[in-house]
Amino acid sequence: MKNLKNQIGKSAVILLGILIALIRPFASGSQSLPSGMEIATKTDIRNDGENVSRKLTMELIDKRGKSRTRETKTFRKYFGKERRTAIFYETPSNVKGTAFLVYDYPDVNEDDDQWLYLPALRKTRRISASNRGDYFLGTDFTYEDIKLESKLSVEDYTYKTVGKEMIDGKETYVVVGLPVDKETEKELGYSKIKAWVDAENWMIRKGEFWDVAGNHLKTTYIKDIKQVQNIWTALTVQVKNHKTGHKTNFTFSEVDYTTVIDDDFFTQQTLVRGL
Amino acid sequence: MKTKEETQAERFFYAVTQRYKLILTLSVIFIAGAITFLPSMTKDTTTEAFIPKDDPVLLYRDNVRETFGLKDPMVIAVYNESGIYNTETLRLIHELGERLKTVEGIDPDQLTSLATENNITGTFDGMLVEPFYEIENLNDSTASIVRDAIADFDLYRGSLISEDGTMALVVAEILDSHDDKGDEIYKAIVELTEETNTTNELLYVAGEGAVSGYMATYIDADAQRLNPIAGLVITLILFVAFRTLRGVVIPNIMVLATVGSALGAMAGFGVSFFVITNALPVILIAIGVADGIHIMGQYYEEVAHNPGLSQRKLVILTMTKMWRPVTITSLTTIAGFLAISYTSYMPPMTYFGIFAAFGVSVALVYALFFIPSALMLLKPQVSKPMKDAVKSDAFGNLTSKLGKVVVSSPRRVVGVAALTMLLAIYGATKITVNESRISNFKSTESIAVADDVINAKTDGTTYLDIKIETKDIEGLFQPHALRKIEALQQHLEDHPLVNGSTSIVDFVKKMNKSLNENRDEFYVIPNDEILIAQYFLIYSTGGDPTDFDNYVDFDYRLANVRVRMSQSEYVDEKVVQEAAQKYIEEHFNDEQITANLSGKVALDYQWINQLANNHSKGVLLALLAVLIVASLSFRSLRAGVYTVIPVIFGVAIIYGVMGFAGVWLSVGTSMFAAIAIGVGVDFAVHTVDRMIFFINEEKLDIDTAFKAFYKTTGRALLFNVLALSLGFGVLITSSVPPLLRFGALVAVSVSAGFAASITVLPAIIYLLKPKFLRIKDKRTDTASIKKGELDLVA
């Protein structure tokens, strides 16, 4: 019962945020800064395409500067609020053909489904449902980071606007987010986040993360923000884990929002068949 | 008639006594100055301090640790007699981990327990990488799932959970920034466990990090409690010897000057206080007190013989007679310490030798300048027990009686000594070189109990780390490389002293099994390099990027095999180390893959081996240095040889006692020979010097000379030995094993040195009449000597 109340409460806040964001367009030069929730909502409702296909190069760098690069082709499509992603590895040669499929359900309490096709085993294997705070494919991003893709979650945090700063020559709002409750904090693995949100296109340009013990955990930089087929797109995302010294660089190319991806594409059969 | 030397000495002390105020002022300023450095003294309680910083084995160990993020762990063991797989115990394991994260100095990201590790399981259609349990979903049925999971995961069985399922370890690591706070962190963890409510569980705290972190504090605490008591006992004996205030105060100021300057100099030069540095005050007290006893004894002797002389004349007379033995004892001791310092492999021992030698030099300067100056402040004073020039007190009578025995049956004395020596040498052959840090704790100490329990239940907390190196990046995906590692592990696990081993191979086999519907026949290394590469990719979908950090490097080129044993003694480590080395050389290394040993086992092996190799060399060199300096000082090689005899005797006795008592030659006990030499030589020098004085200078015939020797020097030496052996005997009351051994063996070594100097050495002199003594015995009837019929005490 209490849970339900919370849900309703949360939804109300979100709705209110959206309403405020829509009704009160941001007036440049005004003294008062938009509220944290307004900014978060703006990022959340930003269009990121119904579906997208692109090349993703993942560069993993350890604390000694050794790096490992993996090139993939990735596909993502919304099925209502459900989100499906398929990743096909192209290099290095020993993982070529390996493919990864995720069904991400809108209800945070419902485990996602994940499969991996291992060509050397010639089998598709279901793998553990990931927690939102789990690291994604050996990178320094968590599953939740990947899912949000340069958006702020309006459900998990309460935000406060703390100022305006210039990042990469662009004006940004600085917001600080605190998890709505302890449980969410533990699930996400963050006790605090700070984001620099572009005042013009609502893309996040920089992020800072603190772990549950309050230690500075990660910094992300979002660079190369361009409009691709009229959709604001980040082509470079870098993250540095301050605790482990690891770094991950994501580089996107051949981004395509217009070619419609078939619903049937996101199946285990496609994993086996490959591209 | 005075010799030229005496006239010069007289002139010198004439000058000294003239400037006594200046000298006293300088003496006080020097002590005060040295003491101001003391607060900047740093402590180094680490085990690594005992190994030279540039030692290749230490550098390699650090490199392996850095590559794989390994550290000496702090371990909490959770023991539940009826098994740990129940909601309550699993919850406790989780909670202990969470609370450990809040202990200052503990790395919250490097916690390992059943509650933090990921399980790999096979399902009918896939593989899961997930925590063994989540605290939120914990109930009796999940607890039994955890039991099954551990039963199916070799890697954690024995290393994290005991084979019988009654003990689980929670392993924490210390942050680099808190490396020197091991003792505080240990105590904080103990406190944490004491505050934890348990019903069916017992908690134990141990681990190599705790042991080495806490050991130094543990020893220091008792040493710092008992060393002052030793000082007090020594003071008491000084009082019994002289029954005057100055007879007590002056030697104590000597001690303050020597100990203060040596420790002050250490602090000033930025040299840390190590565990063995606790022995430095001890040795300096011994030397400072000895100089004081001999000079003050001579002073009271002069007062008794020359009533009515002015204080200045008395002081000059005393110093003219005592400067030489005091100088020679100091020079020989310095030579001995510098020789030990020069040959030592361990930096703390090197520093010990240097600063002990420095302290002894200060003692010499204070003996020659400060004592006469201090006496100048005072009026002539009679010491009650020494007031009579002819008669002596009970102690003097005792030594005189001893003298009679020596003179009446010198052959018997030498014979007994020779037999004792042979026995000691036989005992010395039984000495084992060994070291075990945990044995420095009293066996009932909770950390020792914990170590025992953990080692009995699990695969053990002593590690041999084997660093595997392949030629190319991702070389460890090669089945050939993995099979070699598997064979190496198998070979070592067959060794009776090895309880288990872990490596990346265990994960590969586990993943292969899991991805093949959990079929047991797939618990093998797959024969496909590409498949292995893909296993690691699949693992990364569920695990953390750092999960394998302790096992492989980022490039999958280097791997660490951790071999566990429950015996932490060097003798056992040596066997395993050598077996591993042999296998690696004969069966492992090839062009594609090589292995090198590291970890605690390899480090101890190097360290204690070096100790064993250098120790006898150091002792021999120290003896040689003492011989050379004594010979030069007495301007006679023969006198030098005679001086060394009691020292050799004392050293032999020490090793003999160690051999018979089963005391290992270890880091701590390797100090004993140095102390036996440093202190023993003082007794011998006094004997030889006084013999020269009475026979060559006072021109006494041998019988009268011996009589005088036993009455005066004998008495002084007796108090010297009483002060030191009773003083350090206090340490025998310590419950800390190394201190107890230290106290007992210092007492033994001092007593042996004393006994040899006052019995064997005079007996040999009496028998052989060496040329450096111009003995003009009226009854130089060789026949009568042969018969041993001499009766000198008429």
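## Two chains, from a covered helix outward

Trainee: I've got this predicted model open, and I'm looking at helix α16 (residues 504–514) of chain B; how many of its 11 residues are buried?

Mentor: Helix α16 of chain B is mostly covered, with 10 of its 11 residues buried. Those buried in α16(B) include Ile504(B), Val505(B), Phe507(B), Val508(B) and Met511(B), and also Asp506(B), Lys510(B) and Lys513(B).

Trainee: And what do the buried residues of α16(B) pack against?

Mentor: They pack against β2, β3, α15 (479–493), β7 (500–502), α17 (529–540) and β8 (558–565) of chain B.

Trainee: You mention β2 and β3 there; how many bridges join β2(B) to β3(B), and are they parallel or antiparallel?

Mentor: β2(B) and β3(B) run antiparallel and are joined by 5 bridges, and a hairpin of 3 residues leads from β2(B) to β3(B). One pair to look up is Ile120(B), whose bridge partner in β3(B) is Val129(B). Strand β2 (residues 118–122) is itself mostly covered, since 4 of its 5 residues are buried.

Trainee: Which strand of chain A is joined to β3(B)?

Mentor: That is β6(A), which runs parallel to strand β3 (residues 126–131) of chain B and is joined to it by 2 bridges. Within that pairing, Ile127(A) stands opposite Met127(B) in β3(B).

Trainee: OK, so zooming out to the whole contact between the chains, how many residues does each chain put in?

Mentor: Chain A contributes 25 residues and chain B contributes 28 residues. On the chain A side, the elements that give two or more residues are β5 (113–118) and β6 (123–127), and the residues of that side divide into 10 nonpolar, 8 polar and 7 charged.

Trainee: Staying on chain A, where does Gly133(A) lie?

Mentor: Gly133(A) lies in the loop between β6 and α3 (143–148) of chain A. If neighbours within four places in sequence are left aside, Gly133(A) is in contact with Thr142(A), Glu144(A), Glu187(A), Leu188(A) and Gly189(A). As for Lys226(A), which is 93 residues away along the chain, its C-alpha atom and that of Gly133(A) are separated by 28 Å.

Trainee: Why does Gly133(A) count as partly exposed?

Mentor: Gly133(A) has 18 C-beta neighbours inside 10 Å, and because a residue needs 20 or more to be buried and 12 or fewer to be exposed, a count in between is partly exposed.

Trainee: Changing topic, how is the open sheet of 3 strands in chain B ordered?

Mentor: The order is β4-β1-β5, with antiparallel pairing, and the twist averages 20° from one strand to the next. β4 (167–172) and β5 (201–206) of chain B stand at the edges with a single partner strand each, so one side of each is left without a neighbour in the sheet. Strand β1 (residues 74–80) pairs with β5(B) over 6 bridges, and Asn80(B) has Glu201(B) as its bridge partner in β5(B).

Trainee: Which residues have the most contacts inside the largest nonpolar core?

Mentor: They are Ala77(B), Val78(B), Ala356(B), Val626(B), Ile654(B) and Ile677(B), in a core of 288 residues. Helix α11 (residues 347–376) of chain B gives the most to this core, with 20 residues. There is also a second, separate core of 30 residues, which includes Phe136(A), Leu137(A), Leu152(A) and Val154(A).

Trainee: What does Val626(B) touch, apart from residues up to four places away in sequence?

Mentor: Val626(B) touches Thr332(B), Ala335(B), Gly336(B), Val644(B), Val647(B), Ile677(B) and Val681(B).

Trainee: I also wanted to check the geometry of α9(B); what span should its 27 residues give?

Mentor: At 1.5 Å a residue, helix α9 (residues 279–305) of chain B should span 39 Å, and its end C-alpha atoms are 39 Å apart, which agrees. α9(B) is also mostly covered, as 25 of its 27 residues are buried.

Trainee: Last thing, what are the overall figures for chain A and chain B?

Mentor: Chain A has 5 helices and 13 strands, and buried residues make up 36% of its 275 residues. Chain B has 25 helices and 9 strands, with buried residues making up 55% of its 794 residues, and its C-alpha trace spans about 110 × 50 × 45 Å along the principal axes. Among contacts between residues at least 6 apart in sequence, those joining residues at least 24 apart are 45% in chain A and 82% in chain B.

Technical notes: Residues are numbered from 1 along each chain as its sequence is written. Chains are lettered from A and ligands numbered from 1 in the order in which they are written. This is a predicted model: local features need pLDDT of at least 70, side-chain atom pairs count only at pLDDT 80 or more; totals for chains, interfaces and linings use all residues. Two residues are in contact if their C-beta atoms, placed from the backbone, lie within 7 Å. Ala, Val, Leu, Ile, Met, Phe, Trp, Tyr, Cys and Pro count as nonpolar, Asp, Glu, Lys and Arg as charged, and the others, Gly among them, as polar. Two strands pair if DSSP finds at least two bridges between them. The expected span of a helix is 1.5 Å times one less than its number of residues. Axes are lines fitted to C-alpha atoms, for helices over the stretch in contact, and angles run from 0 to 180 degrees between N-to-C directions. A nonpolar core is a set of buried Ala, Val, Leu, Ile, Met, Phe, Trp, Tyr and Cys residues joined through C-beta atoms within 7 Å.
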